[in-house]
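I sat down with this one to jot what I could look up, entry by entry. Here are my notes.

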Amino acid sequence: QVQLVESGGGLVQPGGSLRLSCTASGSISSLHAMGWYRQAPGSERVLVATITSSGNTDYADSMKGRFTISRDNAENTVYLQMNSLKREDTAVYYCNVAFFRPWAEYWGQGTQVTVSS
């Protein structure tokens, strides 16, 4: 069993920055990736960025150059540094952990990010 706790969401002006954090607790014993996804009202949940336990990263095209994902393996924590935020970035951001061999997936409760003047 794995539990995810997210923090760092809030209200920010366009052009501002936020840093989201997510800490996983429980059994982290297999190959895995951690990531961030987001969902705007009335829209589907989409990928923001992922990072593997070895440090390989992947970003959605719209986030490249503005968002940076990183992790602290010792603490099982993943971060999302968000810069140059736009109104279009307003969404609930969800933390995710995916395990392989065997496959399993867990989600956090989500944290609201609102970009508005």
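Which backbone oxygen does the side chain of Arg66 reach? I found that the Arg66 side chain gets to the backbone oxygen of Ser84, at 3.1 Å. A reminder to myself before going on: this is a predicted model.

**Entry: Arg66**

I placed Arg66 in the loop between β6 (57-59) and β7. I checked its exposure next: Arg66 counts as buried because its relative accessibility is 12%, and buried means under 20%. Setting aside neighbours within four places in sequence, I listed Gln81, Met82, Asn83, Ser84, Leu85, Lys86 and Asp89 as its contacts. The side chain of Asp89 also makes a polar contact with the Arg66 side chain, at 2.8 Å.

**Entry: salt bridges**

How many salt bridges does the structure hold? I noted three. Side chains of opposite charge can pair when their charged atoms come close.

One of them joins Asp89 and Arg38, with the closest N and O atoms 2.9 Å apart. Asp89 sits in the loop between β8 and β9 and Arg38 in strand β4, so this pair ties together parts that are 51 residues apart in sequence. I see that both Asp89 and Arg38 are buried.

Another is Asp61 with Lys64, where the closest N and O atoms are 3.4 Å apart. Both Asp61 and Lys64 are exposed.

I also wrote down Arg66 with Asp89, at 2.8 Å between the closest N and O atoms. Arg66 is in the loop between β6 and β7 and Asp89 in the loop between β8 and β9, so the pair links parts that are 23 residues apart in sequence. Both Arg66 and Asp89 are buried. Through shared partners, salt bridges join Arg38, Arg66 and Asp89 into one network.

**Entry: Thr90**

Next I looked up Thr90, which is in the loop between β8 (77-82) and β9 (91-99). Is Thr90 buried or partly exposed? I have it as partly exposed, because its relative accessible area is 23% and the cut-off for buried is under 20%. A polar atom of the Thr90 side chain lies 3.1 Å from the backbone oxygen of Arg87. The Thr90 side chain also reaches the backbone nitrogen of Val115, at 2.9 Å. Not counting residues up to four places away in sequence, Thr90 touches Ala40, Gln112, Val113, Thr114 and Val115.

**Entry: the core**

Which residues touch the most other members of the largest nonpolar core? Of its 29 residues, I got Trp36, Leu80, Met82 and Tyr93. Several strands supply at least two residues each, including β1 (2-7), β5 (46-52) and β11 (111-115). The largest share, five residues, comes from β9. I followed Tyr93 further: leaving aside neighbours within four places in sequence, its contacts include Trp36, Leu80, Met82 and Thr111.

**Entry: Thr111**

That led me to Thr111, in strand β11. Thr111 is buried, with a relative accessible area of 13%. Its side chain reaches the backbone nitrogen of Gly9 at 3.4 Å. Beyond residues up to four places away, I found Thr111 touching Glu6, Gly9, Leu20, Ala91, Val92 and Tyr93.

**Entry: the surface**

Last, I looked outside. Leu31, Phe100 and Trp103 form a nonpolar patch on the surface, with about 360 Å² of accessible area together. I placed Leu31 in the loop between β3 (18-26) and β4 (32-39).

Key: Residues are numbered from 1 along each chain as its sequence is written. This is a predicted model: local features need pLDDT of at least 70, side-chain atom pairs count only at pLDDT 80 or more; totals for chains, interfaces and linings use all residues. Side-chain values use heavy atoms; hydrogens and water are left out. Helices (H or I, at least four residues) and strands (E, at least two) are DSSP runs, numbered from the N terminus. Buried means under 20% relative accessible area, exposed over 50%, partly exposed in between (1.4 Å probe, protein chains only). Contact means heavy atoms within 4.5 Å. A polar contact is a pair of N or O atoms within 3.5 Å; within protein, one must be able to donate a hydrogen and the other to accept it, and residues adjacent in sequence count only if both atoms are side-chain atoms. Patches are made of residues with over 30% relative accessible area and no salt bridge: like charges are joined within 9 Å, nonpolar side chains (Val, Leu, Ile, Met, Phe, Trp, Tyr) within 5 Å. Accessible areas come from the Shrake-Rupley method with a 1.4 Å probe; for residues, only the protein chains shown count as cover. A salt bridge is a side-chain nitrogen of Lys or Arg within 4 Å of a carboxyl oxygen of Asp or Glu. A nonpolar core is a set of buried Ala, Val, Leu, Ile, Met, Phe, Trp, Tyr and Cys residues joined through side-chain atoms within 4.5 Å.
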